[in-house]
Amino acid sequence: MRILVVGGGMGGTIFANHLARRIHHEMKTGKARITMLSASHEHVYQPGWLYVAMGRATPDELVREQESLLEPGIEFHVDPVEEFHLAHNHVKCKSGKVHEYDLM
């Protein structure tokens, strides 16, 4: 089972991590694979901007390396999706690479 997560924001990150924990055994045995595609290697914790406005945090404290936030086994690529081919279960990225999936 090839699972594709498009977007490394908070929703994509939480979903991918939750799913990876639930299907850990399937991932370990090669029955399932999770791939995340993102436009950036950085993850910005958006709700934290409130703390910046209140002087309790600095902008650099809100940024983390996206890959460091993912469960082991999640394949991560910085390559934004430019075309969705839903009828054919694949996406085409900015680099020209095509990622096929069973579930997106």
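# Close-up views of a predicted model

**View 1. A salt bridge between aspartate 102 and arginine 2 joins two distant parts of the chain.** In this predicted model, aspartate 102 and arginine 2 form a salt bridge in which the closest N and O atoms are 3.1 Å apart. Aspartate 102 belongs to the segment after strand 8, whereas arginine 2 is part of strand 1, and the two residues are 100 residues apart. Aspartate 102 counts as partly exposed because its relative accessibility is 35%, and arginine 2, with a relative accessible area of 27%, is likewise partly exposed. The structure holds four salt bridges, and those that share partners join Arg2, Glu100 and Asp102 into one network.

**View 2. The side chains of arginine 21 and glutamate 71 meet in a salt bridge.** The N to O distance in this pair is 2.8 Å. Arginine 21 lies in helix 1 and glutamate 71 lies in the loop between strand 4 and strand 5, so the salt bridge ties together parts that are 50 residues apart in sequence. Glutamate 71 counts as partly exposed, with a relative accessibility of 26%. The loop between strand 4 (63-65) and strand 5 also holds proline 72, which counts as exposed at 70% relative accessibility. Although proline 72 and histidine 24 are 48 residues apart in sequence, their C-alpha atoms are 9.4 Å apart in space.

**View 3. Three strands pair in parallel to form an open sheet with the order 1-2-5.** Strand 1 (2-6) and strand 5 (75-78) are the edge strands of this sheet, and each of them pairs on one side only. Neighbouring strands of the sheet are turned against each other by 20° on average, with direction ignored. Strand 2 (residues 33-38) runs parallel to strand 5, and four bridges join these two strands. Within this pairing, methionine 36 has phenylalanine 76 in strand 5 as its bridge partner. The two strands are also linked through side chains, since glutamate 75 forms a salt bridge with arginine 33, with the closest N and O atoms 3.9 Å apart. Glutamate 75 lies in strand 5 and arginine 33 in strand 2, so this pair ties together parts that are 42 residues apart in sequence. Glutamate 75 is partly exposed, with a relative accessible area of 31%, and arginine 33 also counts as partly exposed, at 38% relative accessibility.

**View 4. Helix 1 (residues 10-22) lies across strand 1 and strand 2.** The helix runs at about 170° to strand 2. Threonine 13 has its place in this helix, and it counts as buried because its relative accessible area is 8%, where buried means under 20%. When residues up to four places away in sequence are left out, threonine 13 touches Gly8, Met36, His43, Gln66, Leu69 and Leu70.

**View 5. A second group of three strands forms an open sheet with the order 6-7-8 and antiparallel pairing.** Strand 6 and strand 8 stand at the edges with a single partner strand each, so one side of each is left without a neighbour in the sheet. From one strand to the next, the twist averages 20°. Strand 6 (residues 81-85) and strand 7 (residues 90-93) pair in the antiparallel sense over four bridges, and in this pairing phenylalanine 84 stands opposite valine 91 in strand 7. The hairpin of strand 6 and strand 7 has four residues between the strands, and in this hairpin asparagine 89 takes a positive phi near 55°.

**View 6. Val6, Phe84, Leu86 and Met104 make a nonpolar surface patch.** The area of this patch is about 380 Å². One of its members, methionine 104, is found in the segment after strand 8 (98-100), and it counts as partly exposed because its relative accessibility is 45%.

**View 7. The whole protein has three helices and eight strands, which sets the close-up views in context.** From the N terminus on, the elements run β-α-α-β-β-α-β-β-β-β-β. Taken along the principal axes, the C-alpha atoms fill a box of roughly 50 × 30 × 20 Å. Of the 104 residues of the protein, 32% count as buried. Among the contacts with a separation of 6 or more, 56% are between residues 24 or more positions apart. The protein exposes about 6,800 Å², and carbon and sulfur atoms supply 54% of this area.

Methods: Residues numbered from 1 in each chain as written. Predicted model: local features only at pLDDT ≥ 70, side-chain atom pairs only at ≥ 80, totals over all residues. Heavy atoms only, no water. Pairing = 2+ DSSP bridges. Axes fitted to C-alpha atoms, helices over the stretch in contact; angles between N-to-C directions. Contact = heavy atoms within 4.5 Å. Patch = residues over 30% accessible without salt bridge, like charges linked within 9 Å, V, L, I, M, F, W, Y side chains within 5 Å. Areas by Shrake-Rupley, 256 points an atom, 1.4 Å probe, with all protein chains shown as cover. Buried < 20%, exposed > 50% of the residue type's maximum accessible area, 1.4 Å probe, protein only.
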